[in-house]
Amino acid sequence: MLDRTLPPAVRLMSQGGDARIAINPQTGINRYLSAPMPAHGIAYASSTANDLSPDAFAHVEWAAEPILRAGLDAGGYAEMLEGMRCRLRTAYGLDDDTGIVFAPSGTDLEYVALAAHAGRGGIRNILLAPDEVGSGCILSAAGRFFAESTALRVATEAGTAVPGLGPVDLSHVAIRDEQGPPLPSEEVARRIEREAAAAVARGHVALVHIVHGSKTGLILPDLAQIDALRSLWDARQLQFVVDACQARIDRQTLAAYLDRGIIVLLSGSKFMGGAPFSGFALVPRASMDQAQPLPHGLAHVFRRAEWPREWKGRAILPDSVNAGLALRIESALFELERFVPLSRDAVGRVVQRFQRALSTMMARNGITAVPGHTGADMLIGTLATLDLRGVDDALDFDAAVALYRRMAADGVRLGQPVRCLPGRNGTGWAGTLRIALSMPQIVTLERLSDPMLDQRLCHDMGVIERALQHALNEARAQNEEVMAG
């Protein structure tokens, strides 16, 4: 039972998703240690999930008031989402005929790309970096349910096929070598080509799952390699979808993908700073026109208004309402519309000083950055993955998860660890943590003078440093007790 003392808007935003969105009544947070409201403490956790900024929360409470007072019917829900489509197109400078599908999470968005290419003899979904995308995406990208129930409260069994999507074969392509550094884009493209050739030879559509801002900020392959791959087969044989769910992507790059007919998946609950969970897929008009009618199994996952009117077969979806999703998207759009007017120089100033303060803190503690790409676009620079092996090479992935939770209990929330580096003696996975800026943080920090900005960032890094050391000391003391016991 959800705590009735929570503000009504919080209760509403905590509904209309799968089990991950639920707030624990004892802790007041979800399983990602966040909640759709402002929180005390230090949070650089936008790589995983956000609390709401005070301004966004005030805005959402205002937006929720008429819904809480008079309710929301299907017509009103459809009208709200149409307005949000217009706002997204304006914010990102999209063509008016770009289709937008809304989803209760980024994981659900995987079904959009599959639906766009279903009914053509089967799909081979070539998924890059399965450990660097959302954990449930491995199931949804294979056309399977990923949870025990959907946002429509339909009971499902994780791992079972979504009816009507047809045969989906999933293959994986690594984007890091065995020691951790990312592979060159050319090598990733060669691996994709081999997988695509095998799919085409069997008469399947090869659906290549590009990453633009993985959990550790990687972008692979680059546009030159994408264009080279596109030249090898026609669009009936080879298609692409971009996982940009971190939303660390600028308008020009977004346009470059869409101009190539590529579907782009975004989340409002990562860099954008909106409440957890929400997602939207940007779909070129040609992809909608060429798609078969929606598979009937998606009626267990989506509501009618969440898909563009132009998409064939959307009438099979229930004409019902997800007010919680509408408010979560509203919180993300509020932050996006505040961020978009900032100049590139203004954003770059904050990102540069963030990187400098973070580097200083890392150097004091023997922490290095997980290898990434040099020359990546500026918004990717808002995310860093910390390699904790220099702190203690016995810190494996599970120990890093424990650190992450201990730090959150001390009021410091970072991004979850990621499996991307080999553990001690080359076995298992090493400990990592992630630290990242969000749009609302940049909007706030950009207003500060250079000295005040540096002071604020240095203060925050100091708080993070102390929380990390405290968590490490607690872990070591606990280990000593176990060894002595």
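This report walks through a sheet, a cavity and some backbone oddities in a predicted model.

## A three-stranded sheet

Let's start with an open sheet of 3 strands, where the order runs 10-11-13 and the pairing is antiparallel. Strand 10 (368-369) and strand 13 (432-436) sit at the edges, each pairing on one side only.

Strand 11 covers residues 383-387, and its antiparallel pairing with strand 13 runs over 5 bridges. If you want a spot to click on, leucine 386 is opposite leucine 433 in strand 13.

## The cavity

Searching the whole structure for cavities of 30 Å³ or more turns up 1. The largest cavity holds about 70 Å³ of space.

Its lining draws on distant stretches of numbering: Asp18, Pro104, Asp108, Tyr111, Phe145, Phe146, Ala147, Ser149, Thr150, Ala151, Thr156 and Val301. By class, that lining splits into 7 nonpolar, 3 polar and 2 charged residues.

## Around asparagine 30

Asparagine 30 belongs to the loop between helix 1 (8-13) and strand 1 (42-44). Buried or exposed? Asparagine 30 has a relative accessible area of 5%, so it counts as buried. Leaving out residues up to four places away in sequence, asparagine 30 touches Arg20, Ile21, Ala22, Ile23 and Pro276. For a sense of distance, the C-alpha atoms of asparagine 30 and aspartate 222 are 35 Å apart, with the two positions 192 residues apart along the chain.

Leucine 33 is also in the loop between helix 1 and strand 1. Its phi is near 65 degrees, which is positive even though the residue isn't glycine. Leucine 33 counts as buried because its relative accessibility is 13%, and the cut-off is under 20%.

## Other backbone oddities

Some context for the angles: most residues other than glycine have a negative phi, and most peptide bonds are trans.

Alanine 247 is another non-glycine residue with a positive phi, near 65 degrees. You'll find alanine 247 in the loop between strand 7 (238-243) and helix 8 (251-259). With a relative accessibility of 0%, alanine 247 counts as buried.

Then there are the cis peptide bonds. One joins leucine 220 and proline 221, with omega about -15 degrees; proline 221 is in the loop between strand 6 (219-220) and helix 7 (223-230). Another cis bond goes from proline 276 to phenylalanine 277, with omega near 10 degrees. Phenylalanine 277 lies in the loop between strand 8 (263-267) and strand 9 (279-283), and Pro276 is one of the residues that asparagine 30 touches.

How values were computed
Residues numbered from 1 in each chain as written. Predicted model: local features only at pLDDT ≥ 70, side-chain atom pairs only at ≥ 80, totals over all residues. Heavy atoms only, no water. Pairing = 2+ DSSP bridges. Helix = DSSP H or I, 4+ residues; strand = E, 2+ residues; numbered from the N terminus. 1 Å grid on protein atoms, 1.4 Å probe; cavity = no way out; pocket = protein on both sides within 12 Å on 5 of 7 lines; lining within 4 Å. Points joined across faces, edges and corners; volume = space filled by probe spheres on them. Nonpolar A, V, L, I, M, F, W, Y, C, P; charged D, E, K, R; others polar. Buried < 20%, exposed > 50% of the residue type's maximum accessible area, 1.4 Å probe, protein only. Contact = heavy atoms within 4.5 Å.
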